[in-house]
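Colleague: Before I plan around this model, please take me through its helix packing and its interior.

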Amino acid sequence: MFFERHEGGEKAVLVHLEVRDERSREDPQEFMELVSSTNVSSEAFVTANNQHPNPRFFVGPGKVEEIRELVILHQAEVVIFNHELSPSQERNLEKALEARVIDRTGLILDIFAQRARTFEGKLQVELAQLQHMSTRLVRGWTHLERQKGGIGLRGPGETQLETDRRLLRIRIKSIIRRLDKVRRQRDQGRRSRKRAELPLISLVGYTNAGKSTLFNTLTMSDVYAADQLFATLDPTLRRFEFPDIGSAIIADTVGFIRHLPHKLVEAFRATLEETSQADLLLHVIDSHDPERLDNIEQVHKVLEEIEAHDVPVLQVFNKVDLLDGVTPHIQRNECGKPVRVWLSAATGEGAELLQQAVAELLSEDMFEGSLSLPPSKGRVRSKLYQMGAIQNETYSETGHLILNIRLPRVDFNKLVKQEGLVVESCIV
């Protein structure tokens, strides 16, 4: 990393403010889960009711003094707010509390920094951290200040603050150039998949909804999955064979959260494009979470921000094993089209129903009919079997092979072109 980040294991005082504005309201339980995702030791939890945040300290002067006493009592090194603080509020609080202050955005960025494993993921996190940090620089020392007075002492010196800002700008530009290169590489990968006519299915949802567990269940993979926020940060793609429609690419992506920092959305633009370019989104929802309706709304907001709100969506209500009286099933709309699948990714119950629903949604443009092949076209029969397209086969009196097939029309058209077949009413 370009700058030093604390390694965790510190004592912390947590601060949560109840506000009237619904748009600024945060969930204290989710705040505790965020903190538990780090190595910080929570020593005290301070709550306050304030309809209008204090412009100087965010909380009132009396609450500042209460927090300061707790910091001294527990010898805490950091105070974490479950809200976004302005740079001036952060500086004022650090001066008053004599401890480092981190807001909600800084906390999420720190979790992302711990989770990043790939080179691309680390670059994206560092970019978001640097952009967040650029507005919070303060003068650390003054040995490079512009000199005053005296012959030979006047000059165009540079303050340490200006030096830090200049170095940050240089590093940010360097990271952006590298991420642009990553984006171009991803574009090439997408074009290759499109040439191969492979549909892309992207898993999206609120953090800790069970996306990685479902991904592992479907693809028999071993992607890291844990009961914690942002367990998955780096995207993973796997090829999967769906019944009737053949191969598709499934992408596991980073989880969303309410008030996801805009800096993170911008930094992870290259990664999130896997979502905006998908043919189908599987919106994984924790059916056992009492806040699931609000979480669904937060995911929709992020999808709009990354311009993925027009991509077809299938809702996947996960963790039905934790609900009483609910069994895996498919919910359909008035036209019979699948709109929701209820399943348990942990136990695997209902996974076949999800495959069925996905196959139905992606097979709307399917070719279905009979194909008559002469004995010389045995290679076509072999290809169709590899594609899982043959439903049954018989022989005609002339020795031709009659195949009843079902496969995506794009695959059928490609096969016809490659093998030089002449199709007349589905008979060759």
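Modeller: Axes here are lines fitted to C-alpha atoms, for helices over the stretch in contact, with angles from 0 to 180 degrees between N-to-C directions. This is a predicted model, in which local features need pLDDT of at least 70 and side-chain atom pairs pLDDT 80 or more, while totals for chains, interfaces and linings use all residues. Residues are numbered from 1 along each chain as its sequence is written, and side-chain values use heavy atoms, without hydrogens or water.

Colleague: How are α2 and α3 oriented to each other, and which word describes it?

Modeller: The axes of α2 (residues 61-74) and α3 (residues 87-97) come within 9 Å, and V64, I67, R68 and V71 of α2 meet L93, A96 and L97 of α3 (heavy atoms within 4.5 Å). They cross at roughly 55°, a value outside the classes under 35, over 145 and 65 to 115 degrees, so the two helices are oblique.

Colleague: Which element gives the most residues to the largest nonpolar core?

Modeller: That core (buried Ala, Val, Leu, Ile, Met, Phe, Trp, Tyr and Cys joined through side-chain atoms within 4.5 Å, buried being under 20% relative accessible area with a 1.4 Å probe, protein chains only) has 35 residues. Elements giving two or more residues include β1 (11-18), α1 (28-36) and α4 (104-115). With five residues, the element that gives the most is α4.

Colleague: Beyond its neighbours within four places in sequence, which residues does L107 contact?

Modeller: L107 is among the residues that touch the most other members of the largest core. Its contacts farther along the sequence are F31, L34, V35, T38, I80 and I102.

Conventions. Buried means under 20% relative accessible area, exposed over 50%, partly exposed in between (1.4 Å probe, protein chains only). Helices (H or I, at least four residues) and strands (E, at least two) are DSSP runs, numbered from the N terminus.
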